[in-house]
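Reader: I'm new to this one and would like to learn how to read it. Could you take me through it step by step?

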Number of protein chains: 2
Amino acid sequence: MAVGSSRIASRTAADGEVTDGLRVDARRNRERILTAAREVFAERGIDAPMATVARRAGVGVATLYRRFPTRDDLVRAAFARQMDLCGRVLAEAVDDPDPWHGFRRLIETVCALQQEERGFPAAFLLAFPDTTQEHTRACEHGERAFATLVRRAQAAGALRPDFHPSDLLVMLLANCGLVAALPGDGAASGRLVAYLLEAFRAEPARGALPPPSAVRLRDFSGPFPKELRREC
Amino acid sequence: MAVGSSRIASRTAADGEVTDGLRVDARRNRERILTAAREVFAERGIDAPMATVARRAGVGVATLYRRFPTRDDLVRAAFARQMDLCGRVLAEAVDDPDPWHGFRRLIETVCALQQEERGFPAAFLLAFPDTTQEHTRACEHGERAFATLVRRAQAAGALRPDFHPSDLLVMLLANCGLVAALPGDGAASGRLVAYLLEAFRAEPARGALPPPSAVRLRDFSGPFPKELRREC
DNA sequence: TGCCAAGTGGACGGAACCATCCACTTCTGG
DNA sequence: CCAGAAGTGGATGGTTCCGTCCACTTGGCA
């Protein structure tokens with residue numbers, strides 16, 4: 001996690017700056033492109049052809065490329081809202097008087113977002129590796145905030161003492177893979193999150209699990225889920 | 001899991017049949033191609049260009065395509081050994097007098113394989129969705145075997161009663177994503193497996209975890225890990 | 001040994017996508 | 001209203017990869 005509330009402000013401000021110098025028609029096109037990108041990314045993943053986004057936006061490719069010189073720029077901009085949401089939830093979690101509740105809500109929120117918004121998991125990671133000072137700072141701020149949350153939850157005796165902040169990333173990446181393999185199967189992601197939250201608790205106790213997923217190996221029909229080809 | 005020992009036999013037999021009708025030079029080339037494919041897949045993932053495999057094997061593309069008409073055929077053949085290993089471990093697990101030990105070993109083995117052999121996670125899934133009767137049967141045999149293992153482990157009071165066989169697939173897919181995102185980071189996969197095995201136990205107890213991964217968000221440098229682009 | 005079926009390699013056409021370039025259109029300030 | 005700066009679209013060349021085709025080579029059997 002590396003999104004702090006500070007990021008929200010700076011992101012929004014930067015967005016304003018980007019938009020401000022634009023002619024009104026250009027600004028309108030920019031919005032159209034972002035809307036189209038969100039739709040197309042949701043349908044076909046963040047590797048959908050740029051031309052598809054442009055067509056959907058009713059705009060030429062050149063316009064798209066001028067506004068967003070690289071695909072990454074487009075992805076970042078398209079998922080800025082979700083990133084902000086993550087930042088807000090992290091901030092809330094740190095302020096939560098019950099640190100475990102905050103911890104739990106943070107994890108559940110981000111994992112649900114990964115589940116619901118196709119393309120977001122990739123965008124999530126994409127948002128950080130940025131050479132700009134601003135991003136590096138936001139990244140570190142987020143990490144510090146999460147580390148604080150972890151320490152508080154451990155001090156409260158709710159989170160196991162050997163939980164390491166990097167475990168969050170491990171969990172998010174795992175969930176990312178799961179979601180990629182089973183788009184739309186909320187049950188699978190829900191199960192993973194429930195299991196891991198139990199494992200993260202200091203007081204080992206078995207609670208009720210959400211219903212299991214209905215996946216079976218044979219459900220991987222046809223040649224192969226393209227989403228998984230590249231990765232493994 | 002859908003690999004039974006029956007599969008090993010049939011696979012090997014089928015392989016023999018495939019090979020038997022071949023002229024000696026063709027058989028040699030087939031082996032060369034498989035060796036090259038293993039190397040190339042390990043280096044560049046299972047979506048590496050077919051031409052690269054062919055070149056590495058010192059063979060023309062036509063030869064490759066005649067022997068393995070589709071990429072999936074090649075992938076399946078290249079990872080047949082690992083699939084067999086999975087089948088053997090499943091068979092051993094079912095026969096293990098301590099069902100939890102078998103269950104644990106099965107999971108750890110497959111996850112370690114996913115971690116160590118790039119391309120294998122994809123191949124693993126790829127091996128199943130097959131329209132042939134043989135594969136469907138092998139698949140069902142494996143599922144039955146694993147279900148038996150689960151039941152026995154639950155009866156022994158080691159595995160939590162609400163564990164569902166589909167959770168295995170959930171776990172493997174999650175690990176698959178993790179491994180894809182962090183190739184070479186055994187610690188991350190180890191942590192995930194340790195957490196989940198704890199969560200799967202009937203008797204909740206906190207054991208020692210393997211050391212945490214050193215991943216940090218900022219480690220996702222450069223544009224973006226290509227392995228993850230497609231998937232999310 | 002010689003025939004020919006089996007096997008082979010690489011050229012080739014086609015598809016998908018990227019990202020640039022440039023002639024044309026549209027805003028906007030004076 | 002009009003000049004020119006800002007913005008635009010789509011044609012275009014380039015790259016990568018796929019998968020087939022066909023003229024040539026090679027192994028094995030009579």
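Reader: How do the residues of the surface near DNA strand D divide into nonpolar, polar and charged?

Author: The general idea is a sorting by residue type: Ala, Val, Leu, Ile, Met, Phe, Trp, Tyr, Cys and Pro count as nonpolar, Asp, Glu, Lys and Arg as charged, and the others, Gly among them, as polar. Here, the surface near DNA strand D has eleven nonpolar, four polar and seven charged residues. Before we go on, note that this is a predicted model, where local features need pLDDT of at least 70, side-chain atom pairs count only at pLDDT 80 or more, and totals for chains, interfaces and linings use all residues. Residues are numbered from 1 along each chain as its sequence is written, chains are lettered from A and ligands numbered from 1 in the order in which they are written, and side-chain values use heavy atoms, with hydrogens and water left out.

Reader: How many residues surround DNA strand D, and which are the closest?

Author: A residue is near a strand if one of its heavy atoms lies within 4 Å of it. For DNA strand D that gives 22 residues, with A:N29, A:A62, A:T63, A:R66 and B:R71 the closest. On the DNA side, sugar and phosphate make up 63% of the strand D atoms that come within 4 Å of the protein.

Reader: What do polar side-chain atoms of A:N29, A:R67 and B:R23 lie close to on that strand?

Author: Look for polar contacts, which are pairs of N or O atoms within 3.5 Å; within protein, one must be able to donate a hydrogen and the other to accept it, and residues adjacent in sequence count only if both atoms are side-chain atoms. A:N29 has a polar side-chain atom 2.2 Å from a phosphate oxygen of strand D, and A:R67 has one 3.2 Å from a phosphate oxygen. B:R23, on the other hand, places a polar side-chain atom 3.3 Å from a base oxygen.

Reader: Which elements give two or more residues to the surface near DNA strand D?

Author: Helices (H or I, at least four residues) and strands (E, at least two) are DSSP runs, numbered from the N terminus. The elements in question are helix 2 (24-44) and helix 4 (61-67) of chain A, together with helix 2 (24-44) and helix 4 (61-67) of chain B. Helix 4 of chain A gives the largest share, five residues.

Reader: And which residues are closest to DNA strand C?

Author: Among the 22 residues around strand C, the closest are A:R71, B:N29, B:A62, B:T63 and B:R66. A polar side-chain atom of A:R71 lies 2.2 Å from a phosphate oxygen of strand C, while B:R23 has one 2.9 Å from a base nitrogen. For B:N29, a side-chain N or O atom is 2.3 Å from a phosphate oxygen. The largest share of this surface, five residues, comes from helix 4 of chain B.

Reader: Which residues of chain A does the UniProt annotation "DNA-binding region" cover?

Author: According to the unreviewed UniProt entry, residues 49-68 of chain A. UniProt positions are given in the numbering used here, feature names are shortened, and annotations may be inferred rather than shown by experiment. Over residues 49-68 of chain A, the chain is 75% helix and 0% strand, with its end C-alpha atoms 14 Å apart.

Reader: Is helix 5 of chain A largely enclosed or open?

Author: Buried means under 20% relative accessible area, exposed over 50%, and partly exposed in between (1.4 Å probe, protein chains only). In helix 5 (residues 71-78) of chain A, six of the eight residues are buried, so the helix is largely enclosed by the rest of the structure. Those buried are A:D72, A:L74, A:V75, A:R76, A:A77 and A:A78.

Reader: How many aromatic pairs does the structure hold?

Author: A pair of aromatic rings is described by the distance of the centres and the angle of the planes. Rings of Phe, Tyr and Trp (its six-membered ring) pair if their centres lie within 6.5 Å; planes under 30 degrees apart count as stacked, over 60 as edge-to-face and the rest as tilted. There are 17 such pairs over all chains. In one of them, A:F103 and A:F200 have ring centres 6.2 Å apart and planes at 75°, so the pair is edge-to-face. A:F103 sits in helix 7 (residues 99-116) of chain A and A:F200 in helix 11 (residues 186-200) of chain A, so the pair ties together parts 97 residues apart in sequence.

Reader: Are A:F103 and A:F200 buried or exposed?

Author: A:F103 is buried, at a relative accessible area of 0%, and A:F200 is buried too, at 1%. Both belong to one aromatic cluster with A:W100, A:F146, A:F163 and B:Y195.
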